[in-house]
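Trainee: Could you walk me through this one? I'd like to learn how to read it.

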Amino acid sequence: MLCHDVKRVVYFFLDGTLDERRNDDFKHHIDACADCEARIIVHRRIRVFLRKRLTPLPAPDHLKQRLVRTLRAVAE
Ligand SMILES: [Zn+2]
């Protein structure tokens with residue numbers, strides 16, 4: 001996995017939705033790449049900040065399904 005691959009799938013990694021092979025590739029890359037490791041740390045902090053500050057609202061099922069399809073197509 002290369003840096004640009006990490007950027008494309010970072011949200012899947014943080015959500016725990018990467019398949020096992022991609023998840024392992026992702027971890028190997030960020031263990032060896034300081035830039036991507038730093039990027040992941042920033043993304044994690046942003047997620048924690050947003051979870052603390054925002055009240056979650058449920059998204060309609062059709063929107064969730066469309067988002068998942070779109071994000072998966074972008075990641076492939
Ligand atoms: Zn990298």
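Mentor: Sure, let's start with a pair of helices: α1 packs against helix α3 (residues 34–53) with the axes 11 Å apart. This is a predicted model, where local features need pLDDT of at least 70, side-chain atom pairs count only at pLDDT 80 or more, and totals for chains, interfaces and linings use all residues. Residues are numbered from 1 along each chain as its sequence is written.

Trainee: At what angle do α1 and α3 pack, and what does that make them?

Mentor: Axes are lines fitted to C-alpha atoms, for helices over the stretch in contact, and angles run from 0 to 180 degrees between N-to-C directions. Here the angle is about 30°. Angles under 35 degrees count as roughly parallel, so α1 and α3 are roughly parallel.

Trainee: Which residues of α3 does α1 meet?

Mentor: Contact means C-beta atoms, placed from the backbone, within 7 Å. From α1, C3, V6, V10 and L14 take part. Their partners in α3 are D35, C36, I40, H43, R44 and R47.

Trainee: How many helices and strands are there in the chain?

Mentor: Both are DSSP runs numbered from the N terminus: helices are H or I, at least four residues, and strands are E, at least two. From the N terminus on, the elements run α-α-α-α. The count is four helices and zero strands.

Trainee: What share of the chain's residues count as buried?

Mentor: Buried means 20 or more other C-beta atoms within 10 Å of a residue's own, with C-beta atoms placed from the backbone. The chain has 76 residues, and the buried share is 8%.

Notes:
Buried ≥ 20, exposed ≤ 12 C-beta atoms within 10 Å, placed from the backbone. Parallel < 35°, antiparallel > 145°, perpendicular 65-115°, else oblique. Contact = placed C-beta atoms within 7 Å.
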